[in-house]
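Here's a quick tour of one model, starting at one end of the chain and working into the core. Have the structure open as you read.

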Amino acid sequence: MPIFAMLWPVIAMAALTFAIWFVLVVQRLGHMKANPPTRDSFASAQNSADYFRPVERPAANLANLFEMPVLFFVVAILLIVTELANDLQVLLAWAYVAARVVHSGFHLKGRVKGRFLSYLVSMAILMAMWIGFTVDTVRQAVAYNAAVATLEGRQE
């Protein structure tokens, strides 16, 4: 059952990404309505960045969700495919998602200290997931090699 249970935090992480994208769209459209852009507003990448500066936090947070969380998606998929997902990994996955939700909340509100702390917590959780996956993979590889050696020894 942990293999199926691992899907839910993956779905929740994707939902967080879509939610931040939605916040981005709403804030940008509101900004454009309140401050109609001119041709010069988008004449260069710098002009565009300057124009959207008052509503840049959602865009920066969305970009963050395509950085380290990529490693979360990878390890979650590997845990599912290799059938190494267990209750601890599912718990860690949910903790990671919760830490990223908190991080996004602090990021959108511009609270640097809370944002950094929640980032560190999420990184510690992500590293624990990867360490656990690596240890379990090595353990499985050793057991496999031992089983193969035993079978080969019987056939001689």
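Met-1 comes out at 77% relative accessibility, and since anything over 50% counts as exposed, Met-1 is exposed. Keep in mind that this is a predicted model. Met-1 sits in the segment ahead of α1 (2–5). Now look across to Asn-86: 85 residues separate Met-1 and Asn-86 along the chain, yet their C-alpha atoms are 8.3 Å apart.

Next up is α5, with its basic numbers here:

| Feature of α5 | Value |
|---|---|
| Residue range | residues 69–81 |
| Length | 13 residues |
| Reach, first C-alpha to last | 18 Å |
| Expected span at 1.5 Å a residue | 18 Å |

Which residues of α5 are buried? They are Pro-69, Phe-72, Val-75, Ala-76 and Leu-79. Looking down the axis of α5, these buried residues fall within an arc of 115°, so they line one face of the helix. The general rule behind such patterns is that an α-helix has 3.6 residues a turn, so residues three or four places apart point the same way. Just past the end of α5, Glu-83 adopts a positive phi of about 60°.

Some of those α5 residues turn up again in the largest nonpolar core, which has 24 residues. Phe-72, Val-75 and Leu-79 are among those with the most contacts inside it, along with Met-6, Met-13, Tyr-96 and Met-129. Two or more core residues come from each of α2 (7–34), α5, α6 (87–109) and α7 (112–155), and α6 gives the largest share, six residues.

For a close-up, try Val-75: setting aside neighbours within four places in sequence, Val-75 is in contact with Leu-126, Met-129, Trp-130 and Phe-133.

Technical notes:
Residues are numbered from 1 along each chain as its sequence is written. This is a predicted model: local features need pLDDT of at least 70, side-chain atom pairs count only at pLDDT 80 or more; totals for chains, interfaces and linings use all residues. Side-chain values use heavy atoms; hydrogens and water are left out. Helices (H or I, at least four residues) and strands (E, at least two) are DSSP runs, numbered from the N terminus. The expected span of a helix is 1.5 Å times one less than its number of residues. Buried means under 20% relative accessible area, exposed over 50%, partly exposed in between (1.4 Å probe, protein chains only). The arc is that of the directions from the helix axis to the C-beta atoms. A nonpolar core is a set of buried Ala, Val, Leu, Ile, Met, Phe, Trp, Tyr and Cys residues joined through side-chain atoms within 4.5 Å. Contact means heavy atoms within 4.5 Å.
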